[in-house]
Amino acid sequence: MSMAVVGMIAGMALGFAGYFGGFGAFLLVAALGAIGFVVGRFLEGDLDLGDLFRTRNDRRR
């Protein structure tokens, strides 16, 4: 599945949530989608959790 199709499906899900559930549902779907994206990238091996939690001084070394 191409990234354009995935983006379209995500946009439609957010649109439905916003229309039927209001702004709170829109934010909930967006937050859960972002969490799912990060978890998916981690499980695929594209993301190292250490990169997210390093301090600014550790990055410069």
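# A walk along helix 1 and beyond

The structure holds three aromatic pairs; here a pair means rings of Phe, Tyr or Trp (its six-membered ring) with centres within 6.5 Å, called stacked when the planes are under 30 degrees apart, edge-to-face when over 60, and tilted otherwise. Select Phe-16 and Phe-20 to begin: their ring centres are 6.0 Å apart and their planes meet at 10 degrees, so this pair is stacked.

Before going on, a word about what is on your screen. This is a predicted model, in which local features need pLDDT of at least 70 and side-chain atom pairs count only at pLDDT 80 or more, while totals for chains, interfaces and linings use all residues. Residues are numbered from 1 along each chain as its sequence is written, and side-chain values use heavy atoms, with hydrogens and water left out.

**Stop 1: the aromatic rings**

Keep Phe-16 and Phe-20 selected. Both sit in helix 1, four residues apart, or about one turn of the helix; helices here are DSSP runs (H or I, at least four residues), numbered from the N terminus. An α-helix has 3.6 residues a turn, so residues three or four places apart point the same way. Are these two rings buried or exposed? Phe-16 is exposed, and Phe-20 is too; the scale is buried under 20% relative accessible area, exposed over 50%, and partly exposed in between, using a 1.4 Å probe and protein chains only. Now add Tyr-19, which forms one aromatic cluster with Phe-16 and Phe-20.

Next, select Phe-23 and Phe-26. Their ring centres are 6.0 Å apart with planes at 20 degrees, so this pair is stacked. They too belong to helix 1, three residues apart, about one turn of the helix. Phe-23 counts as exposed because its relative accessibility is 59%, whereas Phe-26, at 30%, counts as partly exposed.

**Stop 2: the bend**

Now show helix 1 as a cartoon and find Gly-21. Helix 1 bends by about 145 degrees there, the bend being the angle between axes fitted to the seven residues ending at a residue and the seven starting there. How far does helix 1 span between its end C-alpha atoms? The span is only 16 Å, while a straight helix of 42 residues would reach 62 Å; that expected span is 1.5 Å times one less than the number of residues.

For a distance to draw, pick Ile-9 and Val-29: they are 20 residues apart along the chain, and their C-alpha atoms are separated by 12 Å. Ile-9 lies in helix 1 and counts as partly exposed because its relative accessibility is 45%.

**Stop 3: the loop after helix 1**

Move on to Gly-45, which follows helix 1 and has a positive phi, near 90 degrees. Gly-45 is in the loop between helix 1 and helix 2. With a relative accessible area of 59%, Gly-45 is exposed. Draw a line from its C-alpha atom to that of Gly-33, 12 residues away along the chain, and you will span 18 Å.

**Stop 4: the nonpolar patch**

Finally, switch on the surface and select Leu-28, Leu-32, Ile-35, Phe-37, Val-38, Val-39, Phe-42, Leu-43, Leu-49, Leu-52 and Phe-53, which make a nonpolar surface patch of about 1100 Å². Patch residues have over 30% relative accessible area and no salt bridge, and nonpolar side chains are joined within 5 Å. A salt bridge is a side-chain nitrogen of Lys or Arg within 4 Å of a carboxyl oxygen of Asp or Glu.

Which helix gives the most to the patch? Helix 1 does, with eight residues, one of the residues in helix 1 being Phe-37. Helix 1 (3–44) and helix 2 (49–52) each supply at least two patch residues. Val-38 also lies in helix 1, and at 34% relative accessibility counts as partly exposed. End by measuring from Val-38 to Leu-49: 11 residues apart in sequence, they are 9.5 Å apart in space, C-alpha to C-alpha.

Methods. Patches are made of residues with over 30% relative accessible area and no salt bridge: like charges are joined within 9 Å, nonpolar side chains (Val, Leu, Ile, Met, Phe, Trp, Tyr) within 5 Å. Accessible areas come from the Shrake-Rupley method with a 1.4 Å probe; for residues, only the protein chains shown count as cover.
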